[in-house]
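Biologist: I would like to learn how to read features from a structure like this one. Could we look at it together?

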Amino acid sequence: LREDGAMIGKQLTALRKLAGSLPSLGLDGSDQATLSLQKHQQQLLQLEQEIVAGLDLLVASRQREAALRRQHRHLQNCCQLLLGFLVEDEWQTQPLKPYMLANEAMLLRLLDFQYQAHGNYFNEHNSAPLLYQTRCLAKMQAQQLLLAAGFKRKKLPQRLQEILLGLFADTDLANGYSYAQMHYLGDLQTRIINYTHKVSDEEFENSLLAYLIYQNLNYAPLIKYIQENLEIQVSAIYNLKEQFVFLSQREKYFACLLENRNTAFDFGKDSAKEQLLAYVNACMVYYNRIQQPAQLVQPSNSPAFGHYRVKLSIGADGLAYLLRLLIEAGVLEAEPRSKLLQFVARHFQTAGIGDQLLSANSLTTKYKQVVQRTALNVRSLLKRMTKIVEANFDC
């Protein structure tokens, strides 16, 4: 086992020495320069073959998973560092350009081999090197004409075309996109091109947007585009009740959309579906707040029980977990759960909130993500209730 690790270590040392240093001779365009370049390329190819074989042997060995992952990622990091070194100005001079291209091609092939053959050990959430991103972007740009033609044929709105074409053509490399994001974009571009060929023209924009939500393209400009379209549609409705009906329909529509939970443009953000549902819920909360002043003006002899709010001595996180326990214990029937949480948000007043309404979206988040401190506080409350029962009935 130690021999496998030592072999990879020697290969990494040779890789850094060969790919990470400037050639000392043969830069004048002479025959000797040509021979020097050929020798360098042969050495790179031989080293690449040795590393590939070494990785295969390493995976077939009896080393523990943690050790395998550590050595694979050490090689990945080494390739990344060397690719970063190759973009420096001194490598861009005409005599050194062939060496740079040979080194770049070999390092990219090694990263591709690791990703495709040993993906379990590859850290795809690392920021991809600039040269890796540039290569992926070049492949996407070669498909831009097909994508643009498909959008034009389907008469997609110009602004949506610009957002999607810009995503694949003008990717901001300064953002440091990860390997996962670059692969996601490449796959998504191909899928959209195929989608423009297979789906009918009728309601194509809505169909494409639903497909992008399914593919979890949680890309900020796209989310903003959908939100602004919703705002335009709501503003065209003058009756407040009809606005609420429209928002409720949109909530149901987004809630029923399918989504692929195994993929995302950015795993660090909420999914496209979650962001849009949160936006619609926020609009509905706003509707309720602007409706309240008008509803509070009632005849003096009319009881205001419809606006009564249950006051609690616990916070929103405790209330959310208490509801969850009641549902899981079968005391409350919550079908659908979202309606129950919206009702609770409108009619319950937690500690410290004052006259403000609870956010149904915030309550949903606290319902799903319970921290230990909240659970301990609710357990303490339940113990107090148990003691009261024991005292009242001497049991």
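Modeller: Happily, and keep in mind that this is a predicted model. Let's begin with Asp112, which counts as buried because its relative accessibility is 17%, and buried means under 20%.

Biologist: Which residue forms a salt bridge with Asp112?

Modeller: The general idea is that side chains of opposite charge can pair when their charged atoms come close. Here the partner of Asp112 is Arg135, with the closest N and O atoms 2.8 Å apart. Arg135 lies in helix H5 and Asp112 in helix H4, so the pair ties together parts that are 23 residues apart in sequence. Unlike buried Asp112, Arg135 is partly exposed, because its relative accessibility is 23%.

Biologist: Over which ring does the charged end of Arg135 sit?

Modeller: Over the ring of Tyr132, 5.0 Å from its centre. Arg135 therefore appears in two readings: a salt bridge with Asp112 and a charge over the ring of Tyr132. You can look for a similar arrangement at Arg250, which lies over the face of Tyr253 at 4.5 Å from the ring centre.

Biologist: How many salt bridges does the structure hold?

Modeller: Seven. One of them joins Glu48 and Arg109, with the closest N and O atoms 2.8 Å apart. This pair links distant parts of the chain, since Glu48 is in helix H2 (residues 31-60) and Arg109 in helix H4, 61 residues apart. Glu48 is buried, with a relative accessible area of 11%, while Arg109 is partly exposed at 40%.

Biologist: And how far apart are the closest N and O atoms of Glu251 and Lys339?

Modeller: They are 4.0 Å apart in that salt bridge. Glu251 lies in helix H11 (residues 240-256) and Lys339 in helix H14, so the pair ties together parts that are 88 residues apart in sequence. With a relative accessibility of 8%, Glu251 counts as buried, whereas Lys339 is partly exposed at 44%. Salt bridges can also share partners: Arg159, Lys224 and Glu228 are joined into one network that way.

Biologist: Let's turn to aromatic rings. How many aromatic pairs does a search of the whole structure find?

Modeller: It finds ten. To read a pair, take the ring centres and the angle between the planes, where over 60 degrees counts as edge-to-face. Phe122 and Tyr179 have centres 4.9 Å apart and planes at 80°, so they are edge-to-face. Phe122 is in the loop between helix H4 (97-117) and helix H5 (130-141), and Tyr179 is in helix H8 (residues 179-198), 57 residues apart. Both Phe122 and Tyr179 are buried.

Biologist: Which pair has its planes at 65°?

Modeller: That is Tyr253 and Phe254, whose centres are 5.4 Å apart, so this pair is edge-to-face. Tyr253 counts as partly exposed at 30% relative accessibility, while Phe254 is buried at 4%.

Biologist: Which residues do ring pairs link into a cluster?

Modeller: Tyr115, Phe122, Tyr132 and Tyr179. Tyr132 is the ring that has the charged end of Arg135 over it. Tyr179 also appears among the contacts of Gln80, which touches Asn126, Ser127, Pro129 and Tyr179 when residues up to four places away in sequence are not counted. Gln80 is found in helix H3 (residues 65-86) and counts as buried at 15% relative accessibility.

Biologist: What should I read from the backbone angles? For instance, what is phi of Glu203?

Modeller: Phi of Glu203 is near 55°, a positive value in a residue other than glycine. Glu203 lies in the loop between H8 and helix H9 (204-214), and counts as exposed at 53% relative accessibility. Asn216 has a positive phi of about 60° although it is not a glycine. Asn216 is in the loop between H9 and helix H10 (220-235), but counts as buried at 7%. For omega, look at the peptide bond from Glu335 to Pro336, which is cis, with omega near 0°. Pro336 is in the loop between helix H13 (316-328) and helix H14 (337-347).

Biologist: Finally, which residues make the nonpolar surface patch of about 280 Å²?

Modeller: Leu240, Tyr286 and Ile290. Ile290 is in helix H12 (residues 272-296) and counts as partly exposed at 35% relative accessibility.

Definitions and conventions: Residues are numbered from 1 along each chain as its sequence is written. This is a predicted model: local features need pLDDT of at least 70, side-chain atom pairs count only at pLDDT 80 or more; totals for chains, interfaces and linings use all residues. Side-chain values use heavy atoms; hydrogens and water are left out. Patches are made of residues with over 30% relative accessible area and no salt bridge: like charges are joined within 9 Å, nonpolar side chains (Val, Leu, Ile, Met, Phe, Trp, Tyr) within 5 Å. Accessible areas come from the Shrake-Rupley method with a 1.4 Å probe; for residues, only the protein chains shown count as cover. A salt bridge is a side-chain nitrogen of Lys or Arg within 4 Å of a carboxyl oxygen of Asp or Glu. Helices (H or I, at least four residues) and strands (E, at least two) are DSSP runs, numbered from the N terminus. Buried means under 20% relative accessible area, exposed over 50%, partly exposed in between (1.4 Å probe, protein chains only). Rings of Phe, Tyr and Trp (its six-membered ring) pair if their centres lie within 6.5 Å; planes under 30 degrees apart count as stacked, over 60 as edge-to-face and the rest as tilted. A charge sits over a ring if NZ of Lys or CZ of Arg is within 6 Å of the ring centre and within 35 degrees of the ring normal. Contact means heavy atoms within 4.5 Å.
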